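Biologist: I'm new to this structure and would like a close look at one part of it. Could you walk me through the nonpolar core and what sits around it?

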Amino acid sequence: MNISPSEAEQALDVIQSMVKKTRRAVSTSGAYLFLIVWGTIWLIGFASSQFLADAVVGKIWAGLDILGAVLSAIIGIRMNRGVRSTSVSPLLGKRIGLFWLLLWVFCAAAIAVIWPPEPKQLAMIIILFVMTGWIAMGLLLSLMSASWGLAFTALALAAYFLLPDFFYIIMAILGGGGMIVLGLYIRSRW
Amino acid sequence: MSELNETIHQPIRLRIMAALVTLASDEEMDFTTLRKLLEVTDGNLGAHLRKLEEAGYIAVTKTFVERKPRTYVAVTPAGRQVFNQHVAALEKILKRK
């Protein structure tokens, strides 16, 4: 079989664009969307906590959390990658779902134990539980993701203990903003 | 030695192989997802998959997911090797330009 160099170049271009398209469609699996959604929620929520009155902030956070849960569910349902692994149990998805459900129950229990919490304590406890879930998922699916979870946790703890007056604004800009940037970076990388 | 493969070089089959080799060696892609990626009809994709399966380059698994029939397609180790050789041959031709 003989082909010209221009035909070879065309074929290589076809392969390259197909590889890129496939990666976009299945490899990132839409995980970056979770980062962008929750990054935006943190950005708005924590900025509100820093600058607005407690009564208003509670309502804003409640609205944002409901919005986040709805959007996460929609992303999760639409995230069907159309790819399955022969070495991973088909029950894994259900176990991951159960893990997150239990994690939220444990988080609610921890909050109940310290009730009534200070607003900052409440935020920090939720952050710690979310990051525990994130890191657990990272250890299971992507070590790089786990390292980002560790970095966000370290940032939150440092802000909570060392700069309590700026805790909310740090979480808004570096935490929420960081998640958005990370989400956009993952999107562009693939 | 790298050489061109006539079965793989056909444009749609080249795209099928490119999509499947992008997956990890233990992963397989659902027929519908592959059809959407390639933007081809069911019949067209089915015909090209049969050719590749006959050549031993892909494996097709028919199964049931939540009581619905589902077809999964994966590249075989031989298919991956032949595809890599095909790409190497294309690059070699391009270098001679």
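Modeller: Let's start with the largest nonpolar core, which has 33 residues in this predicted model. The members that touch the most others are B:M17, B:A19, B:L20, B:M29, B:L34, B:I58 and B:V73. Who supplies this core? Two or more residues each come from α1 (5-27) of chain A and, in chain B, from α2 (11-22), α3 (31-38), α4, β3 and α5 (77-95). There is also a second, separate core of 23 residues, with A:V37, A:A123, A:V130 and A:M179 among its members.

Back in the largest core, take B:L20 as an example. Leaving out residues up to four places away in sequence, B:L20 touches B:M29, B:I58, B:V73, B:A74 and B:V75.

Now for the strands. β2(B) and β3 (residues 68-75) of chain B run antiparallel to each other, paired over eight bridges. One place to spot this is B:V65, whose bridge partner in β3(B) is B:K68. These two strands belong to an open sheet of four, in the order β1(A)-β1(B)-β3(B)-β2(B), with antiparallel pairing. β1 (83-85) of chain A and β2 (58-65) of chain B each have a single partner strand, so they form the edges, and one side of each has no neighbour in the sheet. On average, neighbouring strands in this sheet are turned by 35° against each other, direction ignored.

Lying across β2 and β3 of chain B is helix α4 (residues 42-54) of that chain, at about 120° to β2(B). If you follow α4(B), have a look at B:T7 too, a residue of helix α1 (residues 6-9) of chain B. Setting aside neighbours within four places in sequence, B:T7 is in contact with B:R13, B:K51, B:L52 and B:A55. The C-alpha atoms of B:T7 and B:H48 are 9.6 Å apart, although 41 residues separate the two along the chain. Is B:T7 buried or exposed? B:T7 has 18 C-beta neighbours inside 10 Å, so it counts as partly exposed; being buried would take 20 or more.

Finally, a word on confidence. Chain B has a mean pLDDT of 93, and 98% of its residues reach 70 or more. Among the elements of chain B, α4(B) has the highest mean pLDDT, at 97, while β2(B) has the lowest, at 90. As for the model's scores, ipTM is 0.92 and pTM is 0.67.

Terms used. Residues are numbered from 1 along each chain as its sequence is written. Chains are lettered from A and ligands numbered from 1 in the order in which they are written. This is a predicted model: local features need pLDDT of at least 70, side-chain atom pairs count only at pLDDT 80 or more; totals for chains, interfaces and linings use all residues. A residue is buried if 20 or more other C-beta atoms lie within 10 Å of its own, exposed if 12 or fewer, and partly exposed in between; C-beta atoms are placed from the backbone. Two residues are in contact if their C-beta atoms, placed from the backbone, lie within 7 Å. Two strands pair if DSSP finds at least two bridges between them. Axes are lines fitted to C-alpha atoms, for helices over the stretch in contact, and angles run from 0 to 180 degrees between N-to-C directions. pLDDT is the predictor's confidence in each residue, from 0 to 100. A nonpolar core is a set of buried Ala, Val, Leu, Ile, Met, Phe, Trp, Tyr and Cys residues joined through C-beta atoms within 7 Å.
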